[in-house]
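Subject: Structure handover

Hi,

Here is the structure I promised to pass on. My notes follow below it.

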Amino acid sequence: MDSATSDTWLGYERSPSSNDHFGSDHKPIPPRIPLLAAENFSFNAIPRSRNEYHYDNYEIRVQDILHRNCSAVYELASPFDPTLRSMSSELASKIAADLETRLSMTAQRRKRCSWNLTRYTYSQRDDGHDIDPLDKWIIDILVWIGWPEPTTSETDQNGSDSNYDEAPNDYSDRADEIAPSFDSLLLFVAHHVKEYLSERVAAGPLKAEDCRLILPIANEEEGDFYICRGEYDYYKSFGYTECGMFPLSCSVDRQAVLAHHCIVADIEIAAYEDELDGAVQRLVERTRTIFPNQHNRRFVWGLITSSRTIHAYIFGPDGIWASTAMDISGAEGRLAFISLLVDWSLCPVDRFGFDPTVRYVLGKTAGDTYLEIDVHETDKDTGHVDKHTYYSKQCVGAAEHLFGPHARYFAASNSLESMDKPTLLIKDMWSTSSSDTVDDTHKSSFLNVLHAEFGQSSEFGGSFAQFVSTGPVYITRGDTVVVDSTDTAFVGLPDTSQIRQHGCTVTKWAGKMISAADNPSQVVIAIANAMVALNEAYEKCKILHGNLSDRAIQFQEMADGIKGVLGEFDYASYSGDGTGKVPEILLFQSIRNLERLVEPGARGMRSREHAQALNTRLDDWESILYVICILGTFGINKMERDTCAQGDSDYPMIKTWSTNHPHSASRYKRDFMSSSRSFNSCITRCIRHEPLRRLAEDIHRVLFLHPECQGAMISLEGVDPLVLRDAFEEDIVEEFLCVVERHKQVALVTLSTTEATPTTEAEPIAGPSKKRKRKVVPTTSPMMTRSRASRSQPKV
């Protein structure tokens with residue numbers, strides 16, 4: 001591929017992974033999201049994707065969120081500019097006409113020419129002349145969509161047809177036939193797109209940076225396309241490939257170099273028409289790896305191709321939409337697919353699902369690559385919208401789920417010169433419109449109240465994140481500027497009643513997340529300081545946090561010790577006002593917060609009104625217990641999470657907390673918290689650090705084993721110990737603070753007597769693209785974008 005270091009969306013190579021691991025019992029495990037090139041922005045400050053301990057909405061049923069036969073899917077790929085729309089339609093018609101002509105001519109020529117037209121022997125004709133590349137692609141396409149039925153004149157003297165490939169009789173053989181043929185169709189279209197658009201660019205006013213080529217990705221280890229080995233109760237091969245966007249100057253060929261943030265769509269192969277449902281499930285697994293790997297992705301396209309049809313899919317925050325079938329065995333279906341590819345070549349990047357306000361800027365070396373992030377702020381008095389551009393080399397939290405808010409966190413600075421010493425934390429998130437988090441006033445009010453109360457305090461000054469700005473993200477829609485939301489992104493798609501708004505919140509950056517600590521003592525001290533500060537916020541301001549997680553607590557290493565900093569007050573509320581919302585990510589939520597999401601009348605559940613009234617600060621203390629258990633089990637930094645990724649069969653119980661169903665998650669947690677024996681045998685035995693294990697055991701004893709309200713299981717008489725626990729809230733909080741203070745003092749002594757164990761030095765984002773070497777032996781390089789393990793095929 002031609003080098004193009006000036007292009008802001010090229011320049012990353014993918015590497016194989018050594019994490020192609022299956023448990024010894026040969027049961028499928030969830031695909032892992034690797035650390036990715038764009039997150040190389042300082043690996044010691046970035047947690048491994050929590051899909052290591054999230055089953056990532058695994059219990060979501062695909063059929064519950066899949067909307068089939070949506071013709072509006074095609075419209076979402078069309079350019080906004082009427083001139084470009086007309087150009088796209090004209091070009092698609094020309095390409096389709098040329099394709100039909102060549103298909104017909106090649107089929108006729110096959111009967112009388114002197115060279116063999118099978119896929120694997122078409123490099124030269126019998127007279128020694130090379131076959132035109134377009135003819136090669138046409139032959140591949142014909143192998144896929146089917147040759148015309150042979151006539152008597154086409155058979156040899158024995159009555160057999162020697163020029164026809166044998167029909168594959170195996171699933172993997174059939175997938176092997178479809179994948180390269182599909183790639184050839186992409187190349188055929190790209191060839192014409194390049195010729196046509198290059199002429200238009202030369203004539204003006206079309207700009208080269210406003211158009212692109214859609215090309216297939218060559219996965220070298222398996223040849224020209226990738227066959228993924230999935231392990232169920234038996235081995236099976238599934239065809240799989242990808243297509244990406246490349247500059248107009250790029251050669252029309254399968255690209256061995258992939259910019260991970262340039263993937264247009266994952267492509268799943270269904271060998272037979274009746275296997276489409278299985279292909280959809282596999283496509284879900286493929287696509288879920290894109291959001292953590294592409295920090296500027298709003299939604300994702302996908303394609304499923306079979307022996308006769310192609311379907312386009314759009315993956316949004318709350319659903320999947322499938323297009324009507326494009327029957328490539330007929331001219332009309334081929335025209336529809338060509339029109340989609342040409343639209344992709346001309347549409348603005350936000351039609352791909354990319355965020356134009358988050359841009360990759362590539363330098364000549366890996367260390368020169370960074371992100372430009374536009375944040376909009378609206379003046380409350382004048383309504384004027386100001387745009388501020390920040391610069392980041394550190395993504396300290398990637399989007400982890402295929403569905404949901406897609407929250408991302410960037411450590412950033414105001415200038416290019418200070419990127420290595422970030423001072424700001426940018427949170428980019430899609431919030432539901434029904435949530436208070438969409439309200440900018442709500443986002444800032446709690447932090448402003450805390451800053452006013454404790455800003456001058458010698459003990460708690462700096463214990464809470466300092467608010468800078470918040471506001472919605474604005475993008476261009478043709479000639480107008482609109483607020484980015486699912487309402488504007490998915491116009492015409494059915495069942496988009498839940499509106500999400502895209503927004504950014506900026507706060508001061510403390511220094512590190514607790515999920516990037518050097519040693520467990522830092523985690524203990526940071527948590528202790530943060531929880532003491534939160535208790536003080538409750539005592540003086542009656543504020544409940546509501547969203548404690550491994551991303552809510554930062555810490556700063558100062559001359560006089562470690563200072564915990566508490567942020568993420570998007571879901572905060574005042575005690576007793578009943579306005580607190582439950583976050584969408586349920587992993588760290590307390591049992592009662594989970595049950596607030598359960599429909600009234602579910603077995604063993606209290607009414608929603610009852611649960612709402614009983615929300616207390618004990619729910620925050622319970623959440624911090626789950627944070628400790630998760631970090632202690634899966635690792636407090638990237639190095640440990642990489643180690644635990646090699647095998648995860650030793651701690652399956654804690655993964656049950658990550659179910660997407662609040663009822664199931666609350667029942668699991670009630671079971672594990674019901675006794676010290678259950679908690680220790682199922683949870684703490686897997687915590688690798690002794691300080692965290694002891695802290696978890698003591699907090700569990702304080703919260704769930706109070707003499708007057710022991711356990712967490714609802715009795716046969718309907719008595720809930722968590723309800724009884726409210727009467728002893730003051731005693732429990734007092735003992736809780738004593739516990740964390742005692743463990744903090746032990747951690748301080750440990751830090752003063754031993755050296756902190758350093759993490760590995762961070763890798764930069766990534767440099768310009770380099771051609772990958774063809775190696776079969778996998779590596780564990782953090783430069784990989786998506787590992788082979790993340791492409792495995794577990795059950796959905």
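Which residue in S21 does Met-513 stand opposite? The answer is Gln-554. Keep in mind that this is a predicted model.

**The sheets**

Met-513 brings us to an open sheet of three strands. Their order is S19-S21-S22, and the pairing is antiparallel. Strand S19 (512-513) and strand S22 (561-566) are the edges, each pairing on one side only. Two bridges hold the antiparallel pair of S19 and strand S21 (residues 553-558).

A second open sheet has seven strands. Read across, the order is S10-S11-S12-S13-S14-S18-S15, and the pairing is again antiparallel. S10 sits at one edge and strand S15 (467-472) at the other; each pairs on one side only. On average, neighbouring strands in this seven-stranded sheet are turned by 35° against each other, direction ignored. Within it, strand S13 (residues 408-413) runs antiparallel to S14, and five bridges join the two. One matched pair there is Ala-412 with its bridge partner in S14, Leu-424. As a general point, side chains in a regular strand alternate between the two faces of the sheet.

There is also a hairpin to look at. S16 and strand S17 (residues 480-483) pair in the antiparallel sense, over four bridges. Arg-477 stands opposite Thr-480 in S17. Two residues lie between the strands of this hairpin. Gly-478 is in the turn, with a positive phi of about 70°.

**Helix packing**

Two packed helices are described by the angle between their axes and the distance between the axes. H18 takes part in both of the contacts below.

Start with helix H18 (residues 690-704) and helix H20 (residues 729-753). They pack at an angle of about 170°, with their axes 9 Å apart. H18 is therefore roughly antiparallel to H20, because angles over 145 degrees count as such. From H18, the contact uses Pro-691, Arg-694, Leu-695, Asp-698, Ile-699, Arg-701, Val-702 and Leu-703. From H20, it uses Ile-732, Glu-735, Phe-736, Val-739, Val-740, Arg-742 and His-743. By class, the residues of this contact are nine nonpolar, one polar and five charged.

Now take helix H11 (residues 520-541) against H18. The angle is about 35°, and the axes are 8 Å apart. Pro-520, Val-523 and Val-524 in H11 meet Pro-691, Leu-692 and Leu-695 in H18. This contact has six nonpolar residues, with no polar and no charged ones. Pro-691 and Leu-695 of H18 appear in the contact with H20 and in the contact with H11.

**Cavities and pockets**

Rolling a probe the size of a water molecule over the atoms shows where empty space is left. The whole structure has eight cavities of 30 Å³ or more.

The second largest cavity has a volume of about 140 Å³. It is lined by 15 residues. Closest to its centre are Lys-427, Thr-505, Thr-507, Gly-567 and Glu-568. Strand S14 (424-432), helix H9 (440-454) and strand S18 (500-508) each give two or more residues to this lining. The lining has six nonpolar, four polar and five charged residues. Both S14 and S18 also belong to the seven-stranded sheet.

The second largest pocket has a volume of about 970 Å³. Its lining counts 40 residues. Nearest its centre are Asp-210, Arg-212, Cys-347, Pro-348 and Val-349. At least two lining residues come from each of helix H3 (82-109), strand S10 (358-361), strand S11 (370-378) and strand S16 (474-477). The classes are 18 nonpolar, nine polar and 13 charged. Two of these elements, S10 and S11, are strands of the seven-stranded sheet, and S16 is part of the hairpin with S17.

**Backbone points to check**

Most residues other than glycine have a negative phi, and most peptide bonds are trans. Two places go the other way.

- Gly-204 to Pro-205: this peptide bond is cis, with omega near 5°. Pro-205 is in the loop between helix H5 (171-203) and strand S2 (213-216).
- Asn-69: phi is positive, near 55°, in a residue other than glycine. Asn-69 lies in the loop between strand S1 (66-67) and helix H2 (72-75).

Best wishes

Conventions
Residues are numbered from 1 along each chain as its sequence is written. This is a predicted model: local features need pLDDT of at least 70, side-chain atom pairs count only at pLDDT 80 or more; totals for chains, interfaces and linings use all residues. Side-chain values use heavy atoms; hydrogens and water are left out. Axes are lines fitted to C-alpha atoms, for helices over the stretch in contact, and angles run from 0 to 180 degrees between N-to-C directions. Angles under 35 degrees count as roughly parallel, over 145 as roughly antiparallel, 65 to 115 as roughly perpendicular and the rest as oblique. Contact means heavy atoms within 4.5 Å. Ala, Val, Leu, Ile, Met, Phe, Trp, Tyr, Cys and Pro count as nonpolar, Asp, Glu, Lys and Arg as charged, and the others, Gly among them, as polar. On a 1 Å grid over the protein atoms alone, a cavity is a set of points where a 1.4 Å probe fits but cannot get out, and a pocket is an open set with protein on both sides within 12 Å along at least five of seven lines; lining residues have an atom within 4 Å of a point. Grid points are joined across faces, edges and corners, and a volume is the space filled by probe spheres set on the points. Two strands pair if DSSP finds at least two bridges between them.
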